[in-house]
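These are my notebook entries on a structure that I went through step by step. I wrote down what I looked up and what I found each time.

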Amino acid sequence: MFEISRRDLVLSAAGAYAAFGLSKPIAFIGAAEAQQAPAAASFRKYKVGDIEVFSLSDGVWEKPHDDNFIKGVTVDETKAALAAAGLTTDFVPIPFTPNVVRTDGKLVLIDAGTGGGQTGGPKAGTLMKHLAAAGIDAGAVNVILISHFHPDHIYGLMTKGPENTAVFPNAEIYVPADEYRFWMDPAVIEKLPEARRPLAKRIQEIFPLMKHKVHQFEGAKELVPGIRPIDAHGHTPGHTAFHVSSGKDQLIVLSDTTNIPALFVRNPGWHAAFDQDAVMAEATRRKLLDRVVADQIMVTGYHFPFPAIGTIAKDGKGYAFKPA
Ligand SMILES: [Zn+2]
């Protein structure tokens, strides 16, 4: 487990800030450190008590800028926030980082990735390669926990149609009941904006094929030893974070509670086009970020820069992600 006390974090960040005479928030410091991480990101293994956790890179989406990405925020403002975090301004770099958790003899995958680039652009789809690099056989995965049904989290469950082969043939799949109900309703397709309809169709195509393996969960009951769901609705109707704990150690898997930290941890009030109920998503974001700050809980975020592990601190009106 990474032990960074809140006091150390604040002091070291403040020290660096003073030493470099920077008029920048501590978010800049954290992101700049993140940029020095090895470029060839594949997997990172760490422990939460007795539980083994892997961050696995499924590549990155180099999302072109567009005016509608963040409500009320211009492309220039978005570029300024990326630059302040030491990131490229040519596009919005959105990484994908599923986790594997080894707990109580079970191998648990949290979110299934982009499906070999079925979504997320040409630089997405490296999950299977990196699972192999980590010595994890897809056939050995016993359980898959799904945070929500956006394509970058579920397309990895199955190969492309018409084959539609299960990628993790021996896994039982646990999905949030609210998410399942929303997307599986045949009437939902008509109600969705045009751009979301192919996703709903694909969801309604693949989940019946896995039916005997799919289990819906509700509430905060433990799903596998040491892992409980946290209601984090807003991004989607059933969006879920996960609490991993062993002994005194804890980790919160934030899923898509926030997209990339440089934009949405720094500015929790920015509403990304991906958030279905942006007001609820913001309330959820602030609530969860306040919790991990107050309790000094380690976090991992699906769209955080690899290896996507660290802590959160309050920083002015927003928050700062401090990579571990
Ligand atoms: Zn996502």
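**Entry 1: the metal site.** Before looking at the metal, I noted the rule for naming a geometry: four donors count as tetrahedral if all angles lie between 85 and 135 degrees, they count as square planar if opposite donors are over 155 degrees apart and all others between 65 and 115, and anything else is irregular. I also kept in mind that this is a predicted model.

I looked up which protein atoms serve as donors of the zinc ion, and I found D152 (OD), H153 (NE2), D256 (OD) and H303 (NE2), which lie 2.1 to 2.3 Å from the ion. Why is the arrangement of the four donor atoms around the zinc ion irregular? The angles that they subtend run from 89 to 175°, and this spread makes the arrangement irregular, because a tetrahedral site would need all angles between 85 and 135 degrees.

Along the chain, I read the spacing of the donors as D-H-x102-D-x46-H. H153 belongs to helix α5 (residues 151-154), whereas D256 sits in the loop between β12 and α9 (261-264), so this pair ties together parts that are 103 residues apart in sequence. I then asked whether H153 is buried or exposed. H153 is buried, with a relative accessible area of 0%, and D256 is buried as well, with a value of 5%.

**Entry 2: confidence and overall make-up.** I looked up how confident the predictor is, and the mean pLDDT of the protein is 90, with 88% of the residues reaching 70 or more. Over residues 1-39, however, the pLDDT is below 50, and this stretch has 50 contacts in the model beyond near neighbours in sequence.

I counted 10 helices and 15 strands in the protein. Of its 324 residues, 53% count as buried. Among contacts between residues at least 6 apart in sequence, 68% join residues at least 24 apart.

**Entry 3: the seven-stranded sheet.** I reminded myself that strands of a sheet pair through backbone hydrogen bonds, either parallel or antiparallel. I then traced an open sheet of seven strands with mixed pairing, in the order β1-β2-β5-β6-β7-β8-β9. Its edges are β1 (43-48) and β9 (214-217), and each has a single partner strand, so one side of each is left without a neighbour in the sheet. On average, neighbouring strands of this sheet are turned by 25° against each other, direction ignored.

Within this sheet I followed one pair, β6 (residues 106-110) and β7 (residues 143-145), which run parallel and are joined by three bridges. I110 has L145 as its bridge partner in β7. Helix α6 (residues 177-184) packs on the sheet, where it touches β8 (172-176) and β9, and its direction makes about 85° with that of β8.

**Entry 4: the six-stranded sheet.** I found another open sheet with mixed pairing, built from six strands in the order β10-β11-β12-β13-β14-β15. Its edge strands are β10 (227-231) and β15 (318-323), each of which pairs on one side only, and the twist averages 35° from one strand to the next.

β13 (residues 298-300) and β14 (residues 309-315) run antiparallel, with two bridges between them, and T300 stands opposite I309 in β14. Helix α10 (residues 278-294) lies across β10, β11 (240-246), β12 (249-253), β13, β14 and β15, and it runs at about 100° to β14.

**Entry 5: a strand covered on both faces.** In a regular strand the side chains alternate between the two faces of the sheet. I checked strand β4 (residues 92-95), where V92 and I94 on one side and P93 and P95 on the other are all buried, so that both faces are covered. β4 pairs with strand β3 (residues 60-63) in the antiparallel sense over four bridges, and P95 is the bridge partner of V60.

**Entry 6: backbone details in the loops.** I looked for cis peptide bonds and noted the one from G161 to P162, with omega near 5°, and the one from F306 to P307, also with omega near 5°. P162 is in the loop between α5 and β8, while P307 is in the loop between β13 and β14.

I also looked for positive phi values in residues other than glycine. D104 has a phi of about 55° and lies in the loop between β5 (99-103) and β6, where D104 is exposed, with a relative accessible area of 62%. N164 has a phi near 50° and, in contrast to an exposed residue, is buried at 17%.

Definitions and conventions: Residues numbered from 1 in each chain as written. Predicted model: local features only at pLDDT ≥ 70, side-chain atom pairs only at ≥ 80, totals over all residues. Heavy atoms only, no water. Pairing = 2+ DSSP bridges. Axes fitted to C-alpha atoms, helices over the stretch in contact; angles between N-to-C directions. Contact = heavy atoms within 4.5 Å. pLDDT = per-residue confidence, 0-100. Donors = N, O, S within 2.8 Å, 3.2 Å for Na, K, Ca; no water. Tetrahedral: all angles 85-135°; square planar, octahedral: opposite > 155°, others 65-115°. Buried < 20%, exposed > 50% of the residue type's maximum accessible area, 1.4 Å probe, protein only.
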